[in-house]
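Got the structure open in your viewer? Let's take a walk through it, one selection at a time.

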Amino acid sequence: MEHPENNPEYAGLTVNSGIGPVSIINPHLNRKRFVHRHLSAAEYVEGILKGNITILGQAVTLVESTIPEHHAIAQEVIEKCLPHSGNSVRIGISGVPGAGKSTSIDEFGIHVLKEYGGRLAVLAIDPSSERSKGSILGDKTRMEKLSVHPDSFIRPSPSAGSLGGVARKTRETIILCEAAGFDKIFIETVGVGQSETACHSMVDFFLLIQLAGTGDELQGIKRGIMEMADGIVINKCDGNNVEKCQLAATHFRNALHLFPLPESGWAPQVLTYSGFYGHGIKEIWDMIYKYLDFVKKNGYFDYRRAEQAKYRMYETINEQLMENFYQNPTIADMLQAAEQGVLRGERTSFVAAKQLLDSYFALLH
């Protein structure tokens, strides 16, 4: 017997056999409700132009997809949205890891929406692991106010190995957001690199966030990143850190005086603020809008947009050439052998690369 307690010897005692394992899926679930319907390019464009956040998010996912079948429809969506883009203010926000970029963006965004109205899109680039290739995509959790604001759209994206701390598809995402009616766009980068130009090449104002009292003042005063910045702000200027922030601001101002005047004719300013307490936010945005008025009057705003379009063309050419090279089946077969040859010391890296490129160019003829 299954339960010896059910033996007649034990009168009045009965143990039920119980129930078997139960499926965690509701048997009454209507699966048809959850079937994802693939939209056409026209449906994507229609939804984006109406400001539908759900369709905008799906379109961004489509643009970021690495599946070849998605590329054609993504490009069609971008082409049709392009005439409706270009009417936003694009702000690039960069800084050392831990400088408080996400917290600051939360305060910046609420201030801008309150003072200037409109709609705000935040494109937060999250670093991808070199080992697992994955990203946490957790920046949205630090933007507690913006994440629930009806006029904001926050989209975290993996950097996926892109140079400059900005995802390759960020430019296309900007076009989609502008077409959806977002007139203010923040682009948060992974962090500061001495040769980081990707974010600068797609924004109207490049804001650099720095810290004081971390021994990083000299590291921050690097010619490349300092020359790109249209404004420098020092975060966490509160409590016992105020004096250190003021001293760091003086160092940065002195360093900026050593550089020639930027092409825009605007002398970058250095301000201090507290992202956590929201102090000094108004002064930062007064500076940004003063800069925008300045460059629109002298024509640099339109010139910079034109230069960015040209840069984007050359960058797209480079990406397409690289993608075509690695996806070539003949080259893919040769790559493994070339890699093993380099590892065994049979040929140098330069020789192996030249042989692969020569073979690739020979295939094109």
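Start by selecting Cys-81. With a relative accessibility of 0%, Cys-81 counts as buried. Since you are on a cysteine, you may wonder about sulfur bridges. A disulfide is a covalent bond between the sulfur atoms of two cysteines. A search through the whole structure turns up zero of them.

Now jump to Cys-237, which is in no disulfide either. What is the nearest cysteine sulfur to Cys-237? That of Cys-245, 4.1 Å away. The cut-off for a disulfide is a pair of cysteine sulfur atoms within 2.5 Å, so this pair does not count as one. Cys-237 is buried too, at a relative accessible area of 12%.

While you are here, click on Lys-236. This lysine sits in the loop between β6 (231-234) and α9. Check its backbone: phi of Lys-236 is near 65°, a positive value in a residue other than glycine. Is Lys-236 buried or partly exposed? With a relative accessible area of 37%, Lys-236 is partly exposed.

**Zoom out**

Remember that you are looking at a predicted model. Switch to a cartoon view and the protein shows 13 helices and seven strands. The protein has 365 residues, and buried ones make up 41% of them. Take the contacts between residues at least 6 apart in sequence: 73% of these join residues at least 24 apart. Turn on the surface, and the accessible area comes to about 20,700 Å², with 56% of it belonging to carbon and sulfur atoms.

**A helix tucked inside**

Select residues 170-179, which form helix α6. How many of its ten residues are buried? Ten of the ten are, so α6 is largely enclosed by the rest of the structure. Color them and you will find charged names in the list as well as others: among the buried residues of α6 are Arg-171, Glu-172 and Glu-178, along with Ile-174, Ile-175 and Leu-176. α6 is followed by Gly-181, which has a positive phi near 100°.

**Along a strand**

Next, pick Leu-207, in strand β5 (residues 205-210). At 0% relative accessibility, Leu-207 counts as buried. What does Leu-207 touch, leaving out residues up to four places away in sequence? Show its neighbors and you will see Gly-92, Ile-93, Ser-94, Phe-108, Gly-231, Val-233, Ile-284 and Met-287. For a distance to try in your viewer, go from Leu-207 to Met-228: the two are 21 residues apart along the chain, and their C-alpha atoms are separated by 9.0 Å.

**Three more stops**

Go to Leu-39, in the segment before α1 (41-49). Leu-39 is buried, with a relative accessible area of 14%. Setting aside residues up to four places away in sequence, Leu-39 touches Tyr-44, Ile-55, Gln-58 and Ile-73. One of these partners is worth a distance label: the C-alpha atoms of Leu-39 and Ile-55 are 9.1 Å apart, and their positions lie 16 residues apart along the chain as the count from one to the other.

Then select Asp-106, in helix α4 (residues 101-116). Asp-106 is buried, with a relative accessible area of 5%. Add Gly-278 to the selection: 172 residues separate the pair in sequence, yet C-alpha to C-alpha they are 9.7 Å apart.

Move on to Asn-298, in helix α10 (residues 281-298). At a relative accessible area of 40%, Asn-298 is partly exposed. Its partner for a distance label is Gly-265, 33 residues away in sequence and 8.7 Å away in space, C-alpha to C-alpha.

**Last stop: a pocket**

Finish at the second largest pocket, with a volume of about 590 Å³. To find it, select His-200, Glu-227, Pro-262, Glu-263 and Tyr-300, which lie nearest its centre among the 27 lining residues. Three elements give two or more residues to this lining: α8 (223-228), α9 (242-257) and α11 (300-327). Which of the elements gives the most to the lining? That is α11, with six residues. Color the lining of this second largest pocket by class and you get 15 nonpolar, six polar and six charged residues.

Key:
Residues are numbered from 1 along each chain as its sequence is written. This is a predicted model: local features need pLDDT of at least 70, side-chain atom pairs count only at pLDDT 80 or more; totals for chains, interfaces and linings use all residues. Side-chain values use heavy atoms; hydrogens and water are left out. Buried means under 20% relative accessible area, exposed over 50%, partly exposed in between (1.4 Å probe, protein chains only). Helices (H or I, at least four residues) and strands (E, at least two) are DSSP runs, numbered from the N terminus. Contact means heavy atoms within 4.5 Å. Accessible areas come from the Shrake-Rupley method with a 1.4 Å probe; for residues, only the protein chains shown count as cover. On a 1 Å grid over the protein atoms alone, a cavity is a set of points where a 1.4 Å probe fits but cannot get out, and a pocket is an open set with protein on both sides within 12 Å along at least five of seven lines; lining residues have an atom within 4 Å of a point. Grid points are joined across faces, edges and corners, and a volume is the space filled by probe spheres set on the points.
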